[in-house]
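User: Could you walk me through the reasoning behind some labels in this model? I'd like to see each value set against its cut-off.

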Amino acid sequence: MMPPSNPNTEDTMMYGKIAAAALLAGSLAIGGYALAVETAPPGQAQPGKAANASTLTVPQLVERLAAQGYSDITEIKRHRDKNYKVEARDPQGKRVELAVDARTGDILKTEKDED
């Protein structure tokens with residue numbers, strides 16, 4: 001006969017597995033972002049590099065978008081030296097393409113992403 005199981009031990013193991021999965025997913029997302037930015041062709045946004053002193057860097061832009069509920073940012077490009085073009089998920093989880101002011105971080109335009 002098996003001894004009675006301890007429900008607290010099972011709960012702890014389940015939460016440990018959930019936490020490990022969440023950490024893995026977060027690490028993969030951050031690693032994918034870093035790889036995409038590091039290997040970006042010339043003309044695309046580079047982290048920590050701004051066109052001029054008044055332009056947001058890519059990390060600043062990502063931070064501002066995340067604060068507004070955007071996630072899964074897969075592409076960031078400078079567009080016409082005044083805006084960033086960003087592909088991400090909106091707070092409702094839908095894929096969108098954003099036009100973001102490069103100086104203020106204000107979202108100028110949101111389009112549903114067809115990809």
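User: Why is D72 called partly exposed?

Analyst: Happy to start there! In this predicted model, D72 has a relative accessibility of 43%. Buried needs under 20% and exposed needs over 50%, so D72, at 43%, counts as partly exposed.

User: And what makes the contact of R95 and D72 a salt bridge?

Analyst: Their side chains meet at 3.1 Å, N to O. The cut-off is within 4 Å, from a side-chain nitrogen of Lys or Arg to a carboxyl oxygen of Asp or Glu, so this pair qualifies. R95 lies in strand β3 (residues 95-101) and D72 in strand β1 (residues 71-79), so the salt bridge ties together parts 23 residues apart in sequence.

User: Is R95 buried or exposed?

Analyst: R95 is at 16% relative accessibility; the limit for buried is under 20%, so R95 counts as buried.

User: How do you know that D101 and R103 form a salt bridge?

Analyst: The N to O distance is 3.9 Å, and the rule says within 4 Å, so the pair counts. D101 is buried, with a relative accessible area of 12%, whereas R103 is exposed, with 52%.

User: What makes E111 and K109 a salt bridge, and how accessible are they?

Analyst: Their side chains meet at 2.9 Å, N to O, so they satisfy the 4 Å cut-off. E111 is at 34% relative accessibility and K109 at 47%, so each counts as partly exposed.

User: Which residues do shared partners join into one network?

Analyst: D72, R89 and R95. The search of the whole structure finds 5 salt bridges.

Methods. Residues numbered from 1 in each chain as written. Predicted model: local features only at pLDDT ≥ 70, side-chain atom pairs only at ≥ 80, totals over all residues. Heavy atoms only, no water. Helix = DSSP H or I, 4+ residues; strand = E, 2+ residues; numbered from the N terminus. Buried < 20%, exposed > 50% of the residue type's maximum accessible area, 1.4 Å probe, protein only.
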